[in-house]
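Reader: Hey, I'm new to this one. Can you walk me through it?
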Amino acid sequence: MDKIKSGNYRVVSGITPSGSSMHIGNYFGMAKPAIELQENSGGAFLFIADLHALTTVHNSEELKGNITNVVLDYLALGLDPDKATFFRQSDVPEHSLLTVVLGNYISYGHMKRMHAFKDKLQKGTNQDSINMGLFNYPILMAADILLYKPDGVPVGEDQRQHVEITRDMAESFNKAYGKEIFPLPEAVISKETGKIVGTDGKRKMSKSLGNIIGIFEDESLIKKQIMSSYTDPNRKKSTDPGKVEGNPVFQYHDLINDDKSEVEDLKKRYREGKVGDVEVKDRLFTAHMRLFDPARKRRKELENNLDLVREILEKGAEKAGEISKKTMTEVYETLGIRNQLNV
Ligand code: AQP
């Protein structure tokens, strides 16, 4: 963390437009820490991982909508395109070029142990029907990261394994050619917010599981998501003493509610059986609206200024392209296949 604080620290992080909009898990787990690091002089490379979304989204209108939504979400939440390099993955072809190279520096056995693949198997999907995009996802992700030679990768806990395999690919590449082309990046994962539980109280908050609390959806939907959150299952009436630890609604309060004395008061009364779940959730909804209101307003303005958004992404792709082309040239030269130069 010292290096992060000193400012000379480069980060890379992406978000997949696989759902309609960001949820609080994406925001507190990755987007917020990544946006904060845009102040660093080492630079922040933040991108929309549209090619990654192809593993699950096979409808062009849906994908287009998802991409626009996530771009607007990021900008509304405080990403400053003059500080961070903000771009779409597919606008920088080097991501795909490096993927083809890196696949040669990782074994099939190692890839089979990746959890995105194993999760599908656990959910009962037949191994032979899993698409190769999903199987290869960690290789594309390694390319996304290594192109920019970052120090750190701000991600949620679920992505730790993918940063580790990225390091393995980098190490194996460096070893094969006897030089340090790719410095090994570290995963930057917050202890407090690295794994935000879903409203089902069981699994990680995930777009695909539908156990989310959104940020930009209609108020009525956000209210519904909050009101249907899992709390203490052993509490039958509001006069029963309740459990605060491990209770998702209180975890959300800790993240969202900036009125800390209200949170402490609610926790105390909950433990004593002096407040009902409905009031605790109502206050969470009010805190949500208070915290995200400025971002929700900014997003509405941006929706009416899509030309500006396009301009931001063009500039971002240009800036990302400069660095990624340099890395790719270095990689080709190292491999001995820089044919335009060495024929
Ligand atoms: N619940 C979470 N807690 C903390 N961090 C999270 N992230 C996602 N969910 C949580 C982090 O957000 C970043 C962007 O995630 P992503 O959209 O690229 O993919 P994901 O991890 O697969 O997110 P979802 O919502 O779970 O999407 P689906 O359901 O489509 O797979 C990542 O850094 C991630 O760790």
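Reader: Okay, got it open. By class, what is the shell around the ligand made of?
Author: It has 13 polar residues, five nonpolar and four charged. Keep in mind that this is a predicted model.

Reader: And how many residues surround the ligand, and which are the closest?
Author: There are 22 of them. His-23, Asp-158, Lys-204, Lys-207 and Ser-208 are the closest.

Reader: Which element gives the largest share of that shell?
Author: That's α2, with four residues. Both α2 (24-36) and β1 (11-15) supply at least two residues each.

Reader: What about the backbone, how far is Met-205 from a nitrogen atom of the ligand?
Author: A backbone N or O atom of Met-205 lies 3.0 Å from a ligand nitrogen. For Gly-25, a backbone N or O atom is 3.3 Å from a nitrogen atom of the ligand.

Reader: Which side chain has an N or O atom 2.8 Å from an oxygen atom of the ligand?
Author: Ser-206 does. As for cover, the ligand taken alone exposes 640 Å², and the protein buries 90% of that.

Reader: Switching topic: how much space lies in the second largest pocket?
Author: About 440 Å³. It is lined by 23 residues, and Tyr-27, Phe-28, Lys-32, Pro-33 and Glu-36 are the closest to its centre.

Reader: Which elements give two or more residues to that lining?
Author: α2 and α12 (277-303). The largest share, six residues, comes from α2.

Reader: And which domains does the lining draw on?
Author: Domain 1 (2-196 + 324-335) and domain 2 (207-301) each give at least three residues. By class, the lining has 16 nonpolar, three polar and four charged residues.

Key:
Residues numbered from 1 in each chain as written. Predicted model: local features only at pLDDT ≥ 70, side-chain atom pairs only at ≥ 80, totals over all residues. Heavy atoms only, no water. Near = heavy atom within 4 Å. Polar contact = N/O pair within 3.5 Å; in protein donor to acceptor, adjacent residues only side chain to side chain. Areas by Shrake-Rupley, 256 points an atom, 1.4 Å probe, with all protein chains shown as cover. Nonpolar A, V, L, I, M, F, W, Y, C, P; charged D, E, K, R; others polar. 1 Å grid on protein atoms, 1.4 Å probe; cavity = no way out; pocket = protein on both sides within 12 Å on 5 of 7 lines; lining within 4 Å. Points joined across faces, edges and corners; volume = space filled by probe spheres on them. Domains from an automatic or database assignment.
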